[in-house]
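Work through the exercises below with the model open. Try each task before reading its solution.

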Amino acid sequence: MNSAFKYDLLVVGAGLYGAVVAHRAHRAGKRVLVIDRRSHTGGNCYCEAQDNIFVHKYGAHIFHTSNKEVWGFVNQFVEFKPFVHSPLANYKGEIYPLPFNLNTFDALWGVKSAEEAKAKIEEQRLHLDREPQNLEEQALSLVGRDIFERLIKGYTEKQWGRECKELPAWIIRRLPLRFERNNNYFNDTYQGIPVGGYNPLIDGLLEGVEVRLDTDYFDHREEFDAMAEKVLYTGELDRFYNYRFGKLEYRSLRFEEQQLPQADYQGAAVVNYTDRETPFTRIIEHKYFEDRGTDHTVITHEYPMEWHEGAEPYYPINDERNTSLYAQYRTLADAETKYLFGGRLADYRYYDMHQVIEKALKSF
């Protein structure tokens, strides 16, 4: 330990990545301080208990992985309840099972066999003698007109705030099609929801670690840097470098939450609204993550929005401009000796929770 510093490691951000690294460092005997500008730990997987319903405050979070080490790691801290994620799509009042599987094709066309479904898709597919030039061509060439119009087009345009013809083809590299009746959204070996929400997992990771909330690193940056031998930064990389080369772009989300005096609203944890006219992309009914038999329910409408400074950056826009810009910042970051970087914002990548944990364990 370097006695010139009060801490061996300062972790900026109490989300999943920061919490895992802080846990490992603390267990290795390091002096660790974790700070976060929010009033709670856990980042975007934070849950709020409302009359025995655990509300996912920043959108639906379902834990899934095929990595046995990661699954074993999280189960040290909290018990996981088995949960199969089977979202539904609502297109102008018509309900379709997701992901795209034989149940979906049956609801669309009344087909009963894999052969019938494959023939219908092949009949509708856009056949190109060149590479698709945009997302619309890419999707049409993969799944055909009906699936694209009802289940992809409106949802995607709301999510990205642009017409499908204006979006790059790489956003949809592939669209998995299952020719069996299987509504399980994930293919992973392990899948579940932590009993009591994600807060017990984060609390377990940060047990014994000093944490300061409502604390913005940038308000006292020099002071914080002077406290620790190493600094792990998990925020936006362009902000760390004071936007030296320009700002990276994101899409953001707005949530509208309601508690309703009824036992059920939609009968499922997640329903996507796939038409363009409905302004929100999905409704989450939180009790279905861990139903404790309440006679009321809590729902959240999720609205995509343009990101602006001060809004939460959710989805990086990994187009050519932003990828090039990020590479400039990453070159600076890779040359640092005092500062370490990790997590979805610092990496400018959308990660699932198991990927964040895997990366954090490897980086430590």
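**Exercise 1: a covered helix**

Helix α1 is mostly covered, with 10 of its 12 residues buried (under 20% relative accessible area, 1.4 Å probe, protein chains only). This is a predicted model: local features need pLDDT of at least 70, side-chain atom pairs count only at pLDDT 80 or more, and totals for chains, interfaces and linings use all residues. Residues are numbered from 1 along each chain as its sequence is written, and side-chain values use heavy atoms, without hydrogens and water.

Task: list the buried residues of α1, then check the length of the helix.

Solution.
1. The buried set is Leu16, Tyr17, Gly18, Ala19, Val20, Val21, Ala22, His23, Arg24 and Ala25.
2. Helix α1 (a DSSP run of H or I, at least four residues) covers residues 16–27.
3. From first C-alpha to last, α1 reaches 16 Å, close to the 16 Å expected (1.5 Å times one less than its number of residues).
4. Just after α1, glycine 29 takes a positive phi of about 90°.

**Exercise 2: cysteines**

Task: how many disulfides (cysteine sulfur pairs within 2.5 Å) does a search of the whole structure find?

Solution.
1. The search finds 0.
2. For cysteine 45, the nearest cysteine sulfur is that of cysteine 47, 7.0 Å away.
3. Cysteine 45 counts as buried, at 6% relative accessibility.
4. Cysteine 164 counts as buried, at 0%.

**Exercise 3: the sheet**

Task: which strands stand at the edges of the open sheet?

Solution.
1. The 5 strands have the order β10-β2-β1-β11-β17, with parallel pairing (at least two DSSP bridges).
2. β10 (210–212) and β17 (339–341) each have a single partner strand, so one side of each lacks a neighbour in the sheet.
3. Strand β11 (residues 228–233) joins β17 through 3 bridges.
4. Valine 231 stands opposite tyrosine 339 in β17.

Definitions and conventions
Buried < 20%, exposed > 50% of the residue type's maximum accessible area, 1.4 Å probe, protein only. Disulfide = S-S within 2.5 Å.
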